[in-house]
Amino acid sequence: MKYFHTKIFNAIKALITGRVTIECDSIPYEFHHVPMKKVLNWLLVESSLFIKPLRPWGLPTHLMIEPTSICNIKCVLCPVTEGLKRDSGYMDLELFKKAIDQIGDYVFLVLLWDWGEPFLNPQIYDMIIYAKQRNIQIVSSTNGHIFARRDHAERVVRSGIDSLIFAVDGITQQTYERYRQGGDMEKVMSGIKNVIEVRKILKSKTPLVNMRFIVAKHNEHEVSKLKTFAENLGVDLLTVRTLYPFDDGYSCVTKTDGSEFIPKNPYYQRFAYIPGTLSRTRRRRNPCKTLWNNPVIHWNGNVCPCTFDPHDKHVLGTLTKDTFKKIWFGASYRKFRLEFRRNYQSLDLCAECTNAFEGGACSTEDIVESHFFPNNKIIS
């Protein structure tokens, strides 16, 4: 009941004040002076999540865009490492602008990554600047190596990006490279420090620097030292996330099934397992909302249901041929939503998704700890 009361209160506040708060990865993002059509679209989309109609009541409030599918390191359980079953490349700035022009008046958050290291795209800073003109807040995730170059640290701060996640799954080179193979811990630390220092010099409020630590068997012994490590590094936020260790067809990992990375401590395991097995408890109803509020656009313009389709197996349309609205409200999307509603287990993409199992909901359960360090923030 408290959940519904909170929803109603937030709806009334948004209608009266034009202020909307959206939480993503434990971070509240504040929007002020929001136009009424954007507020109404948000309310319609939020309301539709309870019913999940075949034809959405509004346009997406969140949008994941993949600047590139190319990466500069080789993470063990990442499908990019083994090779995506689709062409690799960089999104063109004009294609990005096309997406923003078509739905930017309704989107609150752009998640500027999917598969690959987003900041390898030489046009990414122009993308951020363009989206910011629509009062969109931008969140991106990086392995951090490129920001060891001072010029990139300055460009990302000047771009106005709101939040930057640095994937740092170890506090020593030995633990870090166990999963982030080919990664250089020293470069990552240099990249984080550069961004923080440039932000201070430019007296910028952004980006919020989020150190992300994914807990695995080989690094869980370092968790007790994480908070002190992160605070001394000068980041604004530490988020501790559980690992999704399974393949189940979503990637093409062949060297490991991921079980060797599952932490011993159940608190840091994403799922509840039957003792002595890797059997997970399946949810009767999959709580995923992305088919109604958060599509994924790959670098080539292909529109996919969610981030768990790295190989373009379920392309629902492409921006190089159709408008986003035609795709979003079109027959392919409606059919996919229908199958999801009838029996999500009939869809290979959804049946083995993390959201399908107890403890695995990406939006609410995968981050187990969040530590803010307000004294590290340069400008309040």
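**A ten-stranded sheet and its surroundings**

In this predicted model, 10 strands line up as an open sheet with mixed pairing, in the order 13-12-11-3-5-6-7-9-10-14. Strand 13 (317-318) and strand 14 (367-372) sit at the edges, each pairing on one side only. At the strand 13 end, the neighbour is strand 12 (residues 302-304), and the two run antiparallel over two bridges. Within that pairing, Val303 stands opposite Gly317 of strand 13. Helix 8 (residues 185-201) packs on the sheet, where it touches strand 7 (163-167) and strand 9 (208-215). The direction of helix 8 makes about 160° with that of strand 9.

Now for the nonpolar interior. The largest nonpolar core takes in 96 residues, and the ones with the most contacts inside it are Val110, Phe119, Phe147, Val156, Ile192, Met211 and Val235. Helix 8 turns up again here, giving the most to this core with seven residues. Leaving aside residues up to four places away in sequence, Phe119 touches Ile124, Tyr125, Ile128, Ser140, Thr142, Ile146, Phe147, Val156, Ile161 and Leu164. Apart from the 96-residue core lies another one, of 22 residues, which includes Ala11, Val39, Leu111 and Val296.

Not everything tucked away is nonpolar. Asp236 lies in the loop between helix 9 (223-233) and strand 10 (237-242). Asp236 counts as buried because its relative accessibility is 4%, under the 20% cut-off. The side chain of Asp236 makes a polar contact of 2.7 Å with that of Arg199.

Strands 1 and 2 make up a hairpin with two residues between them. Strand 1 (residues 20-24) pairs with strand 2 in the antiparallel sense over five bridges, and Ile22 has Tyr29 of strand 2 as its bridge partner. In this hairpin, Asp25 takes a positive phi near 55°. The side chains of strand 2 (residues 27-31) alternate: Ile27, Tyr29 and Phe31 point to one face and are buried, whereas Pro28 and Glu30 point to the other face and are not. Tyr29 is thus both a bridge partner of Ile22 and one of the buried side chains of strand 2.

A word on confidence. Average pLDDT for the chain is 90, and 93% of the residues score at least 70. Residues 248-255 are another matter: pLDDT stays under 50 there, although the model has 25 contacts beyond four places in sequence for this stretch. Where pLDDT is low, predicted coordinates should not be read in detail.

Key: Residues numbered from 1 in each chain as written. Predicted model: local features only at pLDDT ≥ 70, side-chain atom pairs only at ≥ 80, totals over all residues. Heavy atoms only, no water. Pairing = 2+ DSSP bridges. Helix = DSSP H or I, 4+ residues; strand = E, 2+ residues; numbered from the N terminus. Contact = heavy atoms within 4.5 Å. Axes fitted to C-alpha atoms, helices over the stretch in contact; angles between N-to-C directions. pLDDT = per-residue confidence, 0-100. Core = buried A, V, L, I, M, F, W, Y, C linked by side-chain atoms within 4.5 Å. Buried < 20%, exposed > 50% of the residue type's maximum accessible area, 1.4 Å probe, protein only. Polar contact = N/O pair within 3.5 Å; in protein donor to acceptor, adjacent residues only side chain to side chain.
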